[in-house]
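Here is a short tour of one structure, strand by strand. Have the viewer open while you read.

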Amino acid sequence: MTALAAPDGEQAGTVRSPMVGTAYLAPEPGAAPFAAIGTQVSAGQTLLIVEAMKVMNPIRAPRDGKVLEVCVTDSKPVEFGEPLVILE
């Protein structure tokens, strides 16, 4: 699943939620996060998961970059188009 591109006037590295659901920053409780602040990620790498209707949807990095900010909290609801992660 591909995340939405940032709208005009917004930081180009913003990865937005493609759906309404629950964000999970790690593969399971107590595990290391997929991508913490300062982590270098590659295009296609999983940044987090959004669970929607019992389906775990990986949100992947649209390009190579460094994680500047994680905009959501683990296990909290997210809305369609909500910023999830900002890449440098």
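## Across from β5

Val 50 sits opposite Asn 57 in β5. Keep in mind that this is a predicted model. The two strands involved, β4 and β5 (residues 55–60), run antiparallel and are joined by 6 bridges.

Follow the chain from one strand to the other and you go round a hairpin with 2 residues between β4 and β5. Met 53, in that turn, has a positive phi of about 55°.

## The other side: β2

β4 also pairs with β2 (residues 21–24), again in the antiparallel sense, over 3 bridges. Two pairs to look up here: Thr 22 stands opposite Glu 51 of β4, and Tyr 24 has Ile 49 in β4 as its bridge partner.

## The whole sheet

Put those pairings together and you get an open sheet of 4 strands, in the order β5-β4-β2-β7, with antiparallel pairing. β5 and β7 (76–78) are the edge strands, each pairing on one side only. From one strand to the next, the twist averages 40°. As a reminder of what holds such things together, strands of a sheet pair through backbone hydrogen bonds.

## What packs in the core

Is β4 mostly covered or mostly open? Covered: 7 of its 7 residues are buried. β4 (46–52) and β8 (83–87) each supply at least two residues of the largest nonpolar core. That core has 18 residues, and those with the most contacts inside it are Leu 48, Leu 84 and Val 85. The largest share, 4 residues, comes from β4. This fits a general habit: in soluble globular proteins, nonpolar side chains tend to be buried together.

Leu 84 is a good residue to click on. Leaving aside neighbours within four places in sequence, its contacts include Leu 48 and Val 50, along with Val 15, Ile 59, Val 70, Cys 71, Val 72 and Val 78. Arg 16, Ser 17 and Glu 69 are also in contact with Leu 84.

## A loop before β4

Now step back to Ala 43, in the loop between β3 (40–41) and β4. Why does Ala 43 count as partly exposed? Because its relative accessibility is 47%, and the partly exposed class runs between the 20% and 50% cut-offs.

Ala 43 and Ala 61 are 18 residues apart in sequence, yet their C-alpha atoms are 5.0 Å apart in space. Beyond its neighbours within four places in sequence, Ala 43 is in contact with Ala 61, Pro 62, Arg 63 and Asp 64.

Conventions:
Residues are numbered from 1 along each chain as its sequence is written. This is a predicted model: local features need pLDDT of at least 70, side-chain atom pairs count only at pLDDT 80 or more; totals for chains, interfaces and linings use all residues. Side-chain values use heavy atoms; hydrogens and water are left out. A nonpolar core is a set of buried Ala, Val, Leu, Ile, Met, Phe, Trp, Tyr and Cys residues joined through side-chain atoms within 4.5 Å. Buried means under 20% relative accessible area, exposed over 50%, partly exposed in between (1.4 Å probe, protein chains only). Contact means heavy atoms within 4.5 Å. Two strands pair if DSSP finds at least two bridges between them. Axes are lines fitted to C-alpha atoms, for helices over the stretch in contact, and angles run from 0 to 180 degrees between N-to-C directions.
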